[in-house]
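Okay, everyone, thanks for coming. I'll put the model up and then walk you through the fold, piece by piece.

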Amino acid sequence: MSTGMPASSGSLEHANVVLGAPEIGRALTRIAHEILERNKGGDDVVLLGIPTRGLPLARRLAQRLADVEPGLDPAALAGSLDVTMYRDDLAHQPTRTIGATDIPGGGLDGRVVVLVDDVLYSGRTIRAALDAISDLGRPRAVQLAALVDRGHRELPIRADYVGKNLPTSTTERVRVLLEETDGRDAVVIDGGTR
């Protein structure tokens, strides 16, 4: 998760729910349509989810692309990109588990890669993802889809597709909960002063 804090589906009694399941569904449908429109279809598109929650989001987007454009195979559209070894905070958190990278459809060369993450925050996770991609191939273009953009960028990185722009303070915590990982769909903010 891009907030720098682990997400949990713990108590939501003091959290402000900013997106529920219907809003998340609509945001993903809109992003899927924008991806198809911008890239003139989905033939050359590969969606790479950044674990943990970027991967189920990429799979959901792949299904929506296939729903809009018959002939696309969702399984051939979505993969995962582990960025663990490319992170710039390994010296501070050296016990990270290395995940799997799965590139669907035979490589990245000449394709449009859409990185998919749950929360865009400092931009450091995406910088690590760009480094990882450069070791895997030479895509025609790299785009970024984020369910939530909470601001506070530390690097010059901007999402191409955003489900919800969510201005936050640095003391607030944004948690994305997904059915696949947490048993429910929601985006919540807790902590901080409003």
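**A walk through the fold**

Let's start with one pair: Gly20 has Ala186 in S8 as its bridge partner. Strands and helices here are DSSP runs, numbered from the N terminus, with at least two residues (E) for a strand and at least four (H or I) for a helix. Two strands count as paired if DSSP finds at least two bridges between them. S1 and strand S8, residues 186-190, run antiparallel and are joined by four bridges.

Quick word on what you're looking at: this is a predicted model, where local features need pLDDT of at least 70 and side-chain atom pairs count only at pLDDT 80 or more, while totals for chains, interfaces and linings use all residues. Residues are numbered from 1 along each chain as its sequence is written, and side-chain values use heavy atoms, with hydrogens and water left out.

Back to S8. On S7, Arg175 is matched with Val188 in S8, and S7 and S8 pair in the antiparallel sense over five bridges. Put together, that's an open sheet of three strands in the order S1-S8-S7, with antiparallel pairing. Its edge strands are S1 (16-20) and S7 (173-177), each pairing on one side only. From one strand to the next, the twist averages 20°. Angles, by the way, run from 0 to 180 degrees between N-to-C directions, with axes as lines fitted to C-alpha atoms, for helices over the stretch in contact.

Helix H1, residues 21-38, packs on this sheet, touching S1 and S8, and its direction makes about 45° with that of S1. Contact means heavy atoms within 4.5 Å. And how enclosed is S7? Four of its five residues are buried, so S7 is largely enclosed by the rest of the structure. Buried is under 20% relative accessible area, exposed is over 50%, and partly exposed is in between, using a 1.4 Å probe and protein chains only.

Now the other sheet. Five strands form it, open again, in the order S3-S2-S4-S5-S6, and here the pairing is parallel. S3 (78-80) and S6 (161-165) stand at the edges with a single partner strand each, so one side of each has no neighbour in the sheet. Neighbouring strands are turned by 25° against each other on average, direction ignored. H1 turns up here too: it packs on the sheet, touching S2 (45-49), S4, S5 and S6, with its direction at about 150° to that of S6.

Inside that sheet, S4 (residues 112-120) and S5 pair in the parallel sense over eight bridges, and Val119 stands opposite Val148 in S5. Helix H4, residues 124-136, lies across S4 and S5 at about 155° to S4.

One residue to click on is Leu144, in S5 (residues 141-149). Leu144 is buried, with a relative accessible area of 5%. Beyond its neighbours within four places in sequence, its contacts include Leu115, Leu120, Ile126 and Ile157.

Zooming out, the chain has five helices and eight strands. The radius of gyration, taken over C-alpha atoms, is 16 Å, close to the 16 Å from the globule rule for 194 residues, so the chain is as compact as a globular protein of that length. That rule is 2.2 Å times the number of residues to the power 0.38. Of the 194 residues, 49% count as buried.
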